[in-house]
Amino acid sequence: MLLPLAGLVARVEWDQFWTLVTSEASLTALGLSLRTALAATGLTVALGVPLGFVLHGMRGPARGLVRAVVLAPLVLPPVVGGLALLYAFGRRGLLGEELGGSIAFTTLAVVIAQTFVAMPFMVVSVESALASRTGRHEAIAATLGASRTRVLARVTMPALAPALATGAVLAFARALGEFGATLTFAGSLAGVTRTAPLEIYLARETDPAAAAALSLVLVAVAIGVVALAYRPVRGAR
Amino acid sequence: MSGLVADLAVEARGVAAELAVGAGRTLVLLGPNGSGKSTLLEAIAGIVPAAGALTLDGASLTGVGARDRRIGLLSQDDALFPTMSVRDNVAFGPRARGASRADAKAAAEDWLARVGLAGLGDRRPGELSGGQARRVAIARALAAEPRVLLLDEPFAGLDVASASATRALVATLLADRTAVVTTHDALDAHALADDVAVMEAGRVVEHGPAAAVLARPRTPFAARMAARVLVTGTMHGGALVTGSGVRIPVTGGPGAGAAAGIAVHPAAIAVARDGEPRDPARVWMDDAVVAVEPRGDEVRVHGRDAAADVDAAVAAVLGVGDVVGFGVEPGAPAYALTSGR
């Protein structure tokens with residue numbers, strides 16, 4: 001586990017580290033990565049939470065099927081995911097006409113690609129958190145006169161908060177590291193779609209030192225994020 | 001009639017029971033664990049789907065959702081909302097019914113004070129003791145101003161001191177309130193009940209005023225729940241003659257030939273082992289030990305027909321299957337067993 005990390009650290013040229021990380025190309029790529037990953041996380045919450053509820057509410061074989069489809073991006077090769085997105089949203093894709101031209105190779109495409117691959121984390125988090133609830137608190141809340149909306153907002157959602165946080169952090173980390181689907185669906189346009197992983201891949205040939213430095217930044221972010229996500233959940237029984 | 005009338009069936013859990021509580025009265029529903037008491041309460045509260053009829057003050061609640069029934073349920077697990085402060089838990093009902101934030105908070109503080117927990121509003125449910133959590137749950141249920149309050153084993157799982165403190169609190173709070181309290185402890189029935197119903201395997205087998213059900217149970221099961229031993233037989237000239245021919249002089253009772261019974265507290269029954277001298281002042285019935293049940297510093301010896309509370313030292317020499325005699329003092333009041341409720 002540690003060996004690749006050690007290899008990476010060994011390759012970083014520390015006297016140049018700061019200059020390399022703050023070079024214009026690196027900063028642009030990092031900034032784009034942060035913005036798109038945050039947007040993708042937002043979308044993941046907005047779409048993944050309802051999807052988790054729907055999945056939890058389903059019964060029978062349909063549930064397994066829908067779950068498999070929703071979780072597919074988790075096991076799909078990212079390039080295949082990118083191709084699929086291209087055929088759906090690209091200029092000649094299914095929705096190309098309706099969307100008034102192509103959204104492929106735009107920043108929006110980056111966000112969509114990241115959301116696509118990060119969504120399963122949120123859906124799984126929400127669904128398993130819901131599965132572990134007995135419905136007891138919701139039932140008692142109803143006897144106290146609460147409407148369905150109030151029960152959801154005041155009882156169910158607060159109880160899901162830890163699962164939501166975990167799902168969001170994991171989704172963010174996955175979005176930040178997205179490479180294959182982004183490259184296929186959004187390309188590698190500096191400042192528009194070239195996120196940090198793409199920048200690293202590109203720099204690998206021409207400027208290995210810069211690639212190593214930028215990689216280390218992503219490693220630090222990834223480790224930080226996972227440490228944050230796996231804090232033990234406290235309180236709720 | 002005014003009050004609550006339920007005739008409900010929850011097929012999946014084998015419950016089909018009828019009960020009625022007059023307005024302002026407290027019904028104690030006695031039954032062992034697993035007899036369906038909780039299910040019946042949940043069906044009345046509307047959180048478990050049930051077939052049948054339910055009316056409150058003459059209006060049908062069939063098809064009315066839990067939210068609009070205004071029937072409060074205090075469940076055994078308290079079910080306090082762990083993500084809210086104690087105050088917000090209690091204020092939940094008033095808020096749900098449309099009270100302003102300030103009014104709901106005031107109501108919550110008022111109820112916390114009434115259950116003796118003033119000043120604990122900022123705590124989280126996880127920071128409370130078992131007794132405190134139970135009190136918060138009671139305050140939360142009552143703050144929602146229910147028309148009927150259902151309490152499921154409200155003293156279970158509490159230590160002796162907080163159970164008796166909570167029992168006294170509940171007795172005060174239930175005055176003039178329509179309520180159903182489930183318990184497997186006859187003590188709760190004596191302390192709280194206006195009326196008593198006895199539940200066995202999903203059915204209500206006995207139902208009536210507390211004094212009648214507790215002092216004159218009509219089935220051995222109801223007698224056991226009321227912590228009494230029911231001795232049954234036929235009246236013959238001022239005596240009860242049991243099935244095995246033992247003649248117990250009694251007072252009162254129906255006319256000759258009628259089926260009758262006496263309900264005796266196990267503490268008032270003596271035990272003699274086979275061959276031991278038997279007190280001639282008592283009437284003795286031959287029996288065999290079925291079970292020996294420790295109860296604090298006493299032991300209840302169960303036979304086929306009777307039971308007796310004896311000192312632990314006496315019970316130590318008794319084993320299941322031993323032949324014993326149960327001695328009853330003559331003169332217990334007899335009552336007819338064939339009449340209706």
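**Entry 1. A starting residue**

Why does B:Val231 count as buried? I looked it up and found that B:Val231 has 26 C-beta neighbours inside 10 Å, and therefore counts as buried. The cut-offs I used are these: a residue is buried if 20 or more other C-beta atoms lie within 10 Å of its own, exposed if 12 or fewer, and partly exposed in between, with C-beta atoms placed from the backbone.

I record the basis of the work here: this is a predicted model, in which local features need pLDDT of at least 70 and side-chain atom pairs count only at pLDDT 80 or more, while totals for chains, interfaces and linings use all residues. Residues are numbered from 1 along each chain as its sequence is written, and chains are lettered from A and ligands numbered from 1 in the order in which they are written.

I placed B:Val231 in strand 11 (residues 229–235) of chain B. Helices (H or I, at least four residues) and strands (E, at least two) are DSSP runs, numbered from the N terminus. Leaving out residues up to four places away in sequence, I listed the contacts of B:Val231 as B:Leu240, B:Thr242, B:Ile248, B:Gly261, B:Ile262, B:Val264, B:Ala306 and B:Val328. Two residues are in contact if their C-beta atoms, placed from the backbone, lie within 7 Å. I also noted that B:Val231 and B:Ala263 are 32 residues apart in sequence, while their C-alpha atoms are 6.5 Å apart in space.

**Entry 2. The barrel**

I followed strand 11 of chain B into a closed barrel of five strands, ordered 11-12-13-20-14, with mixed pairing. From one strand to the next the twist averages 55°; axes are lines fitted to C-alpha atoms, for helices over the stretch in contact, and angles run from 0 to 180 degrees between N-to-C directions. Two strands pair if DSSP finds at least two bridges between them. I checked strand 14 (residues 259–264) and strand 20 (residues 332–336) of chain B, which pair in the antiparallel sense over two bridges. Opposite B:Tyr335 in strand 20 of chain B stands B:Gly261, which is also among the contacts of B:Val231.

**Entry 3. Strands 16 to 18 of chain B**

I found strand 16 (residues 283–295) joined to strand 17 of chain B by six bridges, the two running antiparallel. They form a hairpin with two residues between them, and B:Gly296 in the turn has a positive phi of about 65°. I then traced strand 17 to strand 18 (residues 307–311) of chain B, also antiparallel, with five bridges and a hairpin connection of three residues.

Which residues of strand 17 point to the buried face? I noted B:Val299, B:Val301 and B:Gly303 on that face, whereas B:Glu298, B:Arg300 and B:His302 point to the other and are not buried. In a regular strand the side chains alternate between the two faces of the sheet. Two of the buried residues have partners I looked up: B:Gly303 is the bridge partner of B:Val289, and B:Val299 stands opposite B:Val310 in strand 18 of chain B.

**Entry 4. Domains and core**

I recorded two domains in chain B, domain 1 (3–217) and domain 2 (228–336), with bounds that come from an automatic or database domain assignment. Their C-alpha centres lie 37 Å apart.

The largest nonpolar core has 152 residues, and A:Ala113, B:Ile44, B:Leu150 and B:Val198 touch the most other members. Such a core is a set of buried Ala, Val, Leu, Ile, Met, Phe, Trp, Tyr and Cys residues joined through C-beta atoms within 7 Å. Helix 6 (residues 107–131) of chain A gives the largest share, 15 residues. Both domains of chain B give residues to this core, so it lies between them. Apart from it I found another core, of 12 residues, including A:Ile200 and A:Leu214.

**Entry 5. The two chains**

I counted 11 helices and zero strands in chain A, against 10 helices and 20 strands in chain B. Buried residues make up 40% of the 237 residues in chain A and 46% of the 341 residues of chain B. The C-alpha trace of chain A spans about 65 × 45 × 30 Å along its principal axes; that of chain B fills a box of roughly 75 × 45 × 35 Å.

Where the chains meet, 19 residues of chain B are in contact with 18 residues of chain A. On the chain B side, helix 2 (66–69), strand 6 (71–74) and helix 3 (86–96) each give two or more residues.
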